[in-house]
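Subject: Structure handover

Hello,

Here is the structure I promised to pass on. Please open it alongside this note; my findings follow below.

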Amino acid sequence: MRSCRSRLSLILLSLLCLTGCWDRVEINDTAFILTTAVDVEQDGKIRYSVLMPLPGSMGGASGGGGGTAGTKSYYIDSEVGTTFREAQARLQRRMSRRMFFAHRRTLLIGEDYAKRGIRNVFDTTPRSPESRMTLYMVVAKGKAYKLLQTTPQFERFPSEAIRELVKARNVIPINMKQVALSLSSPGSDAVTVYMGVKEAQKTSKNTKKSKEIEFLGYAQFREDKMTGVFENVEADGLAWLKSMSVQSTATVKIEDRYTITLSIFDSKCQIRAHTVRGKLRFDIRTEAKAKVTESLGMYDLSQTGKVQKVEEAMNRYIEQSMRKAIRKMIANRTDSAQFGSYLWREHPGLWEKKYASRWPAGMKDADFRIQVKSVLTETGLIYENVTKAERTR
């Protein structure tokens, strides 16, 4: 009996220690931030912009440029400060709801800010428990807040369009954690997705042109400062060098007469670093698969010899793309493909003794041997044009 009373007394005393949900925040008091944009003003201060949904306009309202309520389903606002948190605090002063960042999936960096250095971004973001290092980092052409002012037609929010473009099959999905690792690892430099604004065609005379978000390539960094952009074939070459299996479109010429467009996928790249007679050399072996998406000129792909010619042309295209990416790195003194990291892992003594203090300058005198083996896996449902053959007159 005494044992039961003791237990009951202990339970009652423990109840006094329970304070309940003293720090709870009601959902009606929360503003969910979907994306943030960081820019630098002419006076050097930081412009901090946010995009958040409007709960009262979510039931069927159409999207559109933010900034006011009305019929729009989201709201955009910004503030200026000496630091990120100062600008954020000033922004919070005029919001009736507390900004909540756990649902943020993208962080946009203006081009001018990126050129000055992004290191401070990695101080303010990880300090908050609501921030995720898995959010996608994007550098915007021009001002970052202009990406928030676009009017994408397929998505309700511009932030959703940005996230879907970063996750697309033809883009390397780069998050903050990957950028941070590139900035802190020896023999490597960071890259981020690079996007801009593109005006679409008008649907009618009475409508305005929609402002769409466009993937332009990858921003190139030396340490934490942006120095250039990988575009078009350079961007594809970088993806192959980083062994990222992105889907790329290539148009090649066969026999200076036939034009064939290919969709390249399932690529793999292996890089080995070593020295030959005292000269640094990188052996790059790449494998890729492709399928024909278009053939101009009645090229008969039912013949094995002609298929081999297409594969040889694709090999040359992939090699040239990678070499253009390498030349871009050497010109801007960056190591976006992390060649230095391969050298550091395979030959740590050589790296520390000869290259660590002056990398990536060592890439300029290095020899890059590229070997590409591609396979044409599909020619489509037809081997040649359905009109059978060219008519001669």
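Start at Pro152. Beyond its neighbours within four places in sequence, Pro152 is in contact with Phe157, Pro158, Ala161, Lys211 and Glu212. Keep in mind that this is a predicted model. Pro152 sits in the loop between helix H5 (145-148) and helix H6 (158-166). It is a loop residue, but Pro152 is buried, with a relative accessible area of 12%. Ala200 is 48 residues from Pro152 along the chain, and their C-alpha atoms are 9.5 Å apart.

Next, the nonpolar core. The largest one has 103 residues. Ile109, Val121, Tyr218, Ile284 and Phe339 touch the most other members. Helix H9 gives the most to this core: ten residues. As background, nonpolar side chains tend to be buried together in soluble globular proteins.

Take Ile109 from that group. Leaving out neighbours within four places in sequence, its contacts are Val38, Ala114, Ile118, Val121, Met137, Val138, Val139, Ala140 and Ala144.

Leu107 is worth a look as well. It lies in strand S6 (residues 106-110). Leu107 counts as buried because its relative accessibility is 3%, under the 20% cut-off. Its contacts, again without neighbours within four places, include Thr35, Thr36 and Val38. Leu135, Tyr136, Met137 and Val138 are also among them. Val121, Thr125 and Met176 complete the list. Leu107 and Val121 are 14 residues apart in sequence, and 9.7 Å separates their C-alpha atoms.

Now the strands. S7 (residues 136-140) and S8 (residues 191-199) run parallel, joined by three bridges. Ala140 has Met195 as its bridge partner in S8. On to S9 (residues 211-222): S8 pairs with this strand in the antiparallel sense, over nine bridges. Met195 turns up again here, standing opposite Phe215 in S9.

Helix H10 (residues 339-346) has four residues to check. Phe339, Gly340, Ser341 and Leu343 are buried there. What covers them? The cover includes helix H8 (233-241), helix H9 (304-332) and helix H11 (348-355). Strands S12 (258-276), S13 (279-296) and S14 (367-378) are also part of the cover. Phe339 is one of the core residues named above.

On to charges. The count comes to 20 salt bridges. A few of them:

- Asp224 and Arg119. Their closest N and O atoms are 3.9 Å apart. The pair links distant parts of the chain, 105 residues apart. Asp224 is in the loop between S9 and strand S10 (225-230). Arg119 is in the loop between helix H3 (111-116) and helix H4 (121-127). Asp224 is buried, at 8% relative accessible area, whereas Arg119 is partly exposed, at 45%.

- Arg127 and Asp123. These side chains meet at 2.9 Å, N to O. Both residues lie in helix H4, four residues apart, about one turn of the helix. Arg127 is exposed, with a relative accessible area of 64%. Asp123 counts as partly exposed, at 37% relative accessibility.

- Asp367 and Arg369. The closest N and O atoms are 2.6 Å apart. Asp367 counts as partly exposed, at 22% relative accessibility. Arg369 also counts as partly exposed, at 44%.

- Asp77, Glu79 and Arg94. These three are linked in a network of salt bridges.

One charged residue has no such partner. Glu311, in helix H9, is buried yet has no salt bridge. Which side chain of opposite charge is nearest to Glu311? That is Lys373, 9.1 Å away. This pair forms no salt bridge because the rule needs a nitrogen and a carboxyl oxygen within 4 Å. Glu311 does touch Ser374, Val375 and Leu376, not counting residues up to four places away in sequence.

When you go through the model, I would begin with Pro152 and its contacts, then move to the core around Ile109, and finish at Glu311.

Best wishes

How values were computed
Residues are numbered from 1 along each chain as its sequence is written. This is a predicted model: local features need pLDDT of at least 70, side-chain atom pairs count only at pLDDT 80 or more; totals for chains, interfaces and linings use all residues. Side-chain values use heavy atoms; hydrogens and water are left out. Buried means under 20% relative accessible area, exposed over 50%, partly exposed in between (1.4 Å probe, protein chains only). Helices (H or I, at least four residues) and strands (E, at least two) are DSSP runs, numbered from the N terminus. Contact means heavy atoms within 4.5 Å. Two strands pair if DSSP finds at least two bridges between them. A nonpolar core is a set of buried Ala, Val, Leu, Ile, Met, Phe, Trp, Tyr and Cys residues joined through side-chain atoms within 4.5 Å. Lys and Arg count as positive and Asp and Glu as negative; His and the chain ends are not counted.
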